[in-house]
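Hi everyone, thanks for coming. Have the structure open on your screens, and let's walk through it together.

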Amino acid sequence: MSGRGTDVDAVVIGAGHNGLVTAAYLARAGLDVLLLEARSSVGGTAASEPFAGATVNICNCDHLTFRTTPVADELDLGRHGLEYVDVDPAQHHAAWGATGAPGGIGPMWSSHHDLDATVDEIAAVAPADADAYRRYATTAIPAVRTVLEAANEPPSIASLTRLALRRRLAGVATLLRWGRRSTADVLRAHFDSEVVRAPAAVTGPVVWGISPETPRSGLGALTPAMRHVARVGRPIGGSGRVPESLLAAFRAAGGTVRTGARVAQIRCDAGTVAGVGLDDGEEVTARIVVSACNPHDTFLAWLRDPPAAARDLIRRWRSVPHADGYESKLDVVVDALPRLLGEERSLGPTTVVAPSLAEIDRGHRLMASGRVHERPALLVNVPTVLDPTMAPPGRHVLSIEALYTPYRLRGGWSGSDEPRRWLEAFAGLCEPGLLDSIVDWRAMTPDRYETEFHLPAGHATSFGGGPLAALRNPNPELTDYETPIGGLYLTGAATFPGAGVWGAAGRNCATVVLERWDRATP
């Protein structure tokens, strides 16, 4: 018992990395916290798991934004087993068929944390864009610094004004100007070559599931500059070391986790939250409930006896469409290290293989009709090059993430040849023998993310836009982290600052919860 008339002080629903972050901060502050997870293990799509004798990441393994937060230091995650290896070059870039050869890959270049090294790489493949990239970076880097710093506290007019003044408005004009344009327009204004433009579009709007031609998506053009502000890293042992270390920190602070516990109800009483009900009929009372799950389930499926103050909230979310999933991932265990044909670059860092901007936009339209582009955008790496602990001696893990792969694929995903087609297409870019070296492989497609990770339609609702979008947000609970129902809070990818292994949303939510708790507790 919490000692306050409830079973626990707080229940956190969902043990993805944001739920774990919130739970760990609350437990560290002295609250009696119960963390509930429907799956048999924690971490959600930030987890790693065993496959074919190796360790594979559920999603792509590059971490950048998480390393710009204070979470690891404040929760002492190093003491709980989290260790990173820096990735530099941060990323390789190429365009499908840029050479004109059937099935060929275009000239490659690499982005580094060091700007000068990146400019030198571009000069070798697109000389006219080398100086242009330096000008781009000079414009974009202050905006990136503002975005990353803004993410580390709950957004408000006051907090963003303080930040802008502290930074002497650096980057603010860029955020305003680019935020009114499409990513494609911003990239075309800076670069002439598709070798530079196309990969930049993939790591921005394509990863978000939208076309680079989408109006007001221009902040997606900031993504390349992020690698010059912060370092890309990978947790040794796989991406799952982040949620594992968070769980250890949570338990060390006295928190309790229950896996295999599916929430069916969020119960309200007298205008405030009263606790949760599980699908087996068990009830847990609590003064605080934090949902780290998608808002549609939280507000439309689970709420019981909500107060009148929640009517507008429920009405709004009934009208918010739930987007479909669009990401797939191939995990391929091989007994020989794959190498790109004619390239000395290692596949240790992620390689972006991108169609042109026009073909990316066509791929987005194809996705809407249930089809996949002939040459989809790919994010490819072999994590075992930089972290041999992820596979036994003599084995490697090849990770291929394919984008714009629709949840509602024509004919359905069961029995589809699409994943095999992507694998064979990538093998065509490699030295002979990749397909023969395969020990085992699997395809994680949107339907599997739905059934195995409880993501409706294979997609986690994600907050869109930067800090300025937080001020224009029609759903304030996504930026305030609290709801009109007293004691009910929200975190996760749907809340500011959005998806990816970031953790800022979890920390921000905990900040809000603890402020309210301190006010209410004598």
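**Inside the model: spaces, strands and cores**

By class, the lining of the largest cavity has eight nonpolar residues, two polar ones and one charged one. Please keep in mind that this is a predicted model.

Let me stay with that cavity. The space in it comes to about 60 Å³, and there are four cavities of 30 Å³ or more by the rule used here. If you want to select the lining, click on His93, Trp109, Tyr133, Tyr136, Phe191, Val196, Pro199, Ala200, Thr203, Pro224 and Arg227. Which elements give two or more residues to this lining? They are α4 (130-150), α8 (194-208) and α9 (223-229). Of these, α8 gives the most, with four residues.

Two of those lining residues, His93 and Trp109, take us to our next stop. In the pairing of β6 with β7, histidine 93 has tryptophan 109 as its bridge partner. Strand β6 covers residues 91-95, and strand β7 covers 109-111; three bridges pair them in the antiparallel sense. β6 also pairs with strand β15 (residues 350-354), this time in parallel and over five bridges. There, alanine 94 sits opposite valine 353.

So, is β6 buried or exposed? Five of its five residues are buried. In a regular strand, side chains alternate between the two faces of the sheet. In β6, Gln91, His93 and Ala95 are on one side, His92 and Ala94 are on the other, and both faces are covered.

Now please scroll along to strand β11, residues 272-278. Six of its seven residues are buried, so the rest of the structure largely encloses the strand. β11 has an antiparallel neighbour in β10 (residues 263-269), joined to it by six bridges. Valine 263 faces leucine 278 in that pairing. The β10–β11 hairpin has two residues between its strands, and alanine 270 takes a positive phi near 55°.

What about strand β12, residues 283-291? It is joined to β11 by three bridges, and the two run antiparallel. Glycine 277 stands opposite glutamate 283 here. This is a hairpin too, with four residues between the strands, and glycine 281 in its turn has a positive phi of about 95°.

Let's pick one residue from β11 and look around it. Valine 276 touches, among others, Val11, Ile13, Leu36, Val263, Ile266, Val284 and Val289, leaving aside residues up to four places away in sequence. Val276 also appears in the largest nonpolar core, which has 68 residues; together with Val11, Val33 and Phe250, Val276 is among those with the most contacts inside that core. Apart from that core lies another, of 50 residues, including Ala90, Trp109, Ala140 and Ala200. You may recognise Trp109 and Ala200 from the lining of the largest cavity.

One helix before I finish: α14, residues 418-427. Its buried residues are Glu418, Pro419, Trp422, Leu423, Phe426 and Ala427. Their cover includes β14 (327-334), β16 (378-381), β17 (396-403) and β18 (438-444).

And finally, a pocket. The second largest pocket has a volume of about 150 Å³. Its lining includes Ala323, Asp324, Gly325 and Tyr326, along with His364, Met367, Pro406, Tyr407 and Arg408. How does that lining divide by class? Six of the residues are nonpolar, three are polar and two are charged.

That's my tour, and I'm happy to go back to any part of it.

Definitions and conventions. Residues numbered from 1 in each chain as written. Predicted model: local features only at pLDDT ≥ 70, side-chain atom pairs only at ≥ 80, totals over all residues. Heavy atoms only, no water. 1 Å grid on protein atoms, 1.4 Å probe; cavity = no way out; pocket = protein on both sides within 12 Å on 5 of 7 lines; lining within 4 Å. Points joined across faces, edges and corners; volume = space filled by probe spheres on them. Nonpolar A, V, L, I, M, F, W, Y, C, P; charged D, E, K, R; others polar. Buried < 20%, exposed > 50% of the residue type's maximum accessible area, 1.4 Å probe, protein only. Pairing = 2+ DSSP bridges. Core = buried A, V, L, I, M, F, W, Y, C linked by side-chain atoms within 4.5 Å. Contact = heavy atoms within 4.5 Å.
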